[in-house]
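Reader: Please take one part of this model and go through it closely, as I would like the arrangement set out together with the cut-offs behind each term.

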Amino acid sequence: PPDILPGSRLISTPHGTISVSEFGPAHGKKILFIHGISTPSVVFGSLATALAADGYRVMTFDLFGRGYSDAPVGVDYDERLFTTEILYALYSSPLSWDRFSLVGYSLGGGISVAFAAHFAERIEALVLFAPAGILKGSKLGLLLKLARGGWVPKVLETYMVGKQLEVRTRAHAGDPLSEDGLNYGKIIGWQAREHKGFAMAFGNTIRNGPIYDREEEWREVEKKGIERIGIMVGAVDDVIPPTLLPEMVELLGGERRVRGEVLKDAGHALVRDRWRECMDFVVDVVGYPEEDDEEDLAASRGSYVVSDF
């Protein structure tokens, strides 16, 4: 259901409806979460809920074409669209989000870097989990290279995307219930089956999103001087190779400015399956929550404990 996360709302924008969730103490340190290309914002359920229980104000939303957000047509699903969507979500809040920390996962990592390249003055800390952005387009197969260049007929591209989504859906079909009580295999299957714009948005994002060869964008963020940056990758991630971590760290400022960490035995779904370690990493990079009202903090811990999710 669209209200599976606390503080859910549907907002109307010129690009269509966006599903946003915002919760945690009103005076807490603010953290915005950006999810990946397939699983919608519910992937942050345990992580965001636990952080809210510890006193942070958190926000996440479904990217266009995912979850309960609309899929606008006639636009490129690139950093411009996703940056605009971030601004829509921020301005829908009853609170001021002039300054906040940004946490991006997978595609959301590439989106977060693209956003930070233009709005670094608003970013207190940048945390990236298994981020896209500097995957190497040169290593793609010929057909996918042609598709990304717009050289594949639409019918064939639609077929390719459909087959890719079938593989992803089958790969997760047997997933057991996660600790938060959700079956992510069923969520991915529901989205592929029921969201009429998902396949289009997925293919469009592969072509235009901040996934491949964005080194210059990352270097631009390094110039902005964001004080706190952390990158965590899974040691056995088969989507974002952990061997890219040294390059990621160097692009964003080097080891003296950027904390890079490989999470042992973790795969690509680390924010879901290893959320406790991810939470510790976020707290270490972002800093402890700012909370003036102890009663408000106590109330938030009672309202947003993970077992209630």
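Author: Two strands pair if DSSP finds at least two bridges between them, strands (E, at least two residues) and helices (H or I, at least four) being DSSP runs numbered from the N terminus. The model is predicted, with local features needing pLDDT of at least 70, side-chain atom pairs counting only at pLDDT 80 or more, and totals for chains, interfaces and linings using all residues. Residues are numbered from 1 along each chain as its sequence is written, and side-chain values use heavy atoms, without hydrogens and water.

The part I have chosen is an open sheet of eight strands with mixed pairing, in the order β1-β2-β4-β3-β5-β6-β7-β8. Because β1 (8–13) and β8 (258–263) stand at the edges with a single partner strand each, one side of each has no neighbour in the sheet. Neighbouring strands are turned against each other by 20° on average, direction ignored.

Within this sheet, β3 (residues 30–34) pairs with β5 (residues 100–105) in the parallel sense over four bridges, and I34 stands opposite G104 in β5.

Two helices lie across the strands. Helix α1 (residues 45–53) lies across β2 (16–23), β3 and β4 (57–61) and runs at about 175° to β3 (axes are lines fitted to C-alpha atoms, for helices over the stretch in contact, with angles from 0 to 180 degrees between N-to-C directions). Helix α11 (residues 275–286), in turn, lies across β3, β5, β6 (123–129), β7 (228–234) and β8, running at about 150° to β6.

As for a single residue, S19 lies in strand β2 and is buried (under 20% relative accessible area, 1.4 Å probe, protein chains only), its own value being 6%. Leaving aside neighbours within four places in sequence, S19 is in contact (heavy atoms within 4.5 Å) with residues including R9, L10, T60 and F61.

Methods. Buried means under 20% relative accessible area, exposed over 50%, partly exposed in between (1.4 Å probe, protein chains only).
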